[in-house]
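Visitor: Please take me through one helix pair in close detail. Set the scene with the whole chain, then zoom in.

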Amino acid sequence: MGLTIKEALKFGGLFGASVVAGKEGLDTPIESVSVLEVAEHNISRWVLKNQLYITSFYAIWDNVAQQKEVIETLIDCECCGLVLCYVGTWIRQIDLGIIQLCDEAGFPLIQARTDVSYIEIMNPIITLLYEENTRAMVTNDYSMVRNDFLNLVVNEENIDVVFQQMNRRLKKKVSYYDTYGKVIYSDRDLAAIQAEEEYLKDNFNHILFECSRDGYTVQDIQGRKNAVVLIRSQKNLFGLFFLDYDGDFEENIKNGLINSMVVSGTLILQKRSKVSHFREKVMEEYVTDLLVWNFPSNAKALERGLELGLTVLDKNQIIVVNINSIQSVTDSKVQQEMQRYIRHVLLSQVKQLLNLYDPKSWLVFRSDTILLFMNNQNGSVHLENLGEKLLRIFDGKFDLSVSVGVSNAFASMTDIPSAYTQAFQAATVGRDHYGENKVVFYDAVYFFQKLRQMGKQPEIVEMCHKLLGPVLRYDEEHKTQLTDTFRCLLVNNENVKKTAEQLFIHKNTVLQRKNKLTELFGYSPFDMPYRLNFLMIFDIMEKK
């Protein structure tokens with residue numbers, strides 16, 4: 001079975017949504033997803049079986065009878081569910097009769113979080129459906145594509161050239177956007193592109209609504225009439241394009257030219273996705289080899305980098321952005337959605353920021369880390385400032401926790417493996433000592449990571465257990481938590497209140513345990529030099 005509604009609720013814009021009714025239908029497979037804002041009785045002519053629909057009912061927010069009619073039609077057409085957005089903004093609350101209707105039919109009615117948009121719900125589902133079953137894309141009817149367009153798509157590798165040549169043959173200036181509202185290609189002037197981007201940012205949901213019937217809409221953007229056309233197959237959305245709405249547009253609709261552009265655009269974006277995915281894989285393999293220096297010669301390392309348009313000879317510092325949230329999540333689908341969100345939304349922001357500081361630098365996203373290869377030969381890049389701005393990109397996004405680690409400068413490209421280790425230790429060891437969402441330089445964790453390395457030596461571990469022996473034996477015999485209390489008191493500088501809050505116990509219990517520790521050791525372990533000894537012991541044993 002493919003993607004079900006139950007699975008879709010675990011990631012993306014549906015993560016945290018509430019199932020209001022129809023829980024019996026949560027195992028229904030989703031074959032496609034679309035927006036539904038048309039409130040007419042004849043929607044049965046075009047809604048699809050096993051399609052998940054998203055709506056705010058803003059066209060019929062005050063008409064419960066029409067809302068019921070729409071839902072009854074979806075049930076009769078065997079659609080798989082309905083997601084209600086912005087509850088409290090348009091419809092004040094979901095009518096009890098609607099809840100009862102959905103429960104009786106086993107038709108999932110889902111209330112989305114108020115802070116998510118239609119596209120944040122649609123994109124992850126569309127992406128997953130595309131990956132799991134490319135047959136869902138009904139773009140195999142190439143008779144709908146002009147031969148010259150089809151030849152371009154098949155034979156030209158540069159996607160920009162394909163769009164450019166299409167526009168020239170159409171004698172039109174067109175802007176193409178992906179489903180994240182990012183421009184893919186445009187030959188319109190910069191002012192027009194900026195106006196389009198702003199309009200998309202503020203009106204994406206409205207555009208989807210306006211296009212839900214015919215696949216296109218006409219919008220006035222800064223006094224200029226634009227036709228906005230969805231690039232979509234029968235079931236899925238891949239992007240959209242803007243072009244001037246002139247006297248030829250309606251004729252172009254009739255003669256199939258616009259439809260040919262839509263199908264061509266779908267094929268191009270499908271090809272673009274595959275090329276991009278292939279490049280990412282090759283780049284990840286190259287970086288993996290860099291981090292262990294898996295090359296027969298330095299010349300080969302340079303050659304492979306240049307094939308990808310990357311230089312390593314001038315790099316002398318590495319920054320690691322460690323995505324703590326991905327590492328802490330066990331659900332693979334949630335991990336994949338976080339990775340998609342970072343790759344498609346946040347990574348471009350990181351690239352733009354990096355380009356402002358150092359145009360010669362480059363980055364790669366590997367599973368749960370972003371690696372920045374820096375050209376900071378003359379020390380002109382303020383790395384702490386860059387790190388703080390990196391944290392701001394992730395702040396408040398998807399509840400992401402990150403840690404930024406910065407290596408020391410290195411002199412030779414063969415030092416890249418050790419520099420990566422330094423940056424990674426700065427991020428991860430620094431996270432444990434300084435907290436999450438911090439920028440940490442390697443020098444700040446040098447001694448901490450040395451202590452961690454000591455934990456790999458059997459005689460060191462044995463000595464740690466020996467020194468902690470009285471407390472460990474007491475805990476084992478009496479089933480107590482003195483060891484945890486001891487560590488917590490040390491870390492919190494003997495702050496009893498803070499320790500009690502962290503351990504969820506009363507302050508008096510902490511005081512009693514503190515006295516017991518002194519009794520067991522025969523001296524106060526909180527006084528120097530014993531305090532330093534035990535701080536090091538707990539740090540050595542941290543990962544044991």
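**A helix pair in its chain**

Guide: This is a predicted model. Its protein chain carries 21 helices and 15 strands. Along the principal axes, the C-alpha atoms fill a box of roughly 90 × 65 × 45 Å. The chain has 544 residues, and 50% of them count as buried. The accessible surface is about 26,700 Å². Carbon and sulfur atoms account for 49% of that surface. Now the contacts. Take those between residues at least 6 apart in sequence: 65% of them join residues at least 24 apart.

Now to the pair itself. Helix α17 covers residues 469-478, and helix α20 covers residues 507-521. The two pack against each other with their axes 9 Å apart. The angle between them is about 120°. Angles of 65 to 115 degrees would count as roughly perpendicular, and over 145 as roughly antiparallel. The pair fits neither class, so α17 and α20 are oblique to each other. Their crossing is right-handed.

Which residues of α17 and α20 make the contact? From α17 come P470, V471 and Y474. From α20 come K516, L517, L520 and F521. Sorted by class, the contact has six nonpolar residues and one charged residue, with no polar ones. The charged residue is K516 of α20, because Lys counts as charged. Tyr and Pro count as nonpolar, so Y474 and P470 of α17 fall in that class.

To recap the pair: α17 and α20 cross at about 120°, in a right-handed sense, through a contact with six nonpolar residues and one charged residue.

Methods
Residues numbered from 1 in each chain as written. Predicted model: local features only at pLDDT ≥ 70, side-chain atom pairs only at ≥ 80, totals over all residues. Heavy atoms only, no water. Axes fitted to C-alpha atoms, helices over the stretch in contact; angles between N-to-C directions. Helix = DSSP H or I, 4+ residues; strand = E, 2+ residues; numbered from the N terminus. Parallel < 35°, antiparallel > 145°, perpendicular 65-115°, else oblique. Left-handed = near helix turned anticlockwise from the far one by under 90°. Contact = heavy atoms within 4.5 Å. Buried < 20%, exposed > 50% of the residue type's maximum accessible area, 1.4 Å probe, protein only. Areas by Shrake-Rupley, 256 points an atom, 1.4 Å probe, with all protein chains shown as cover.
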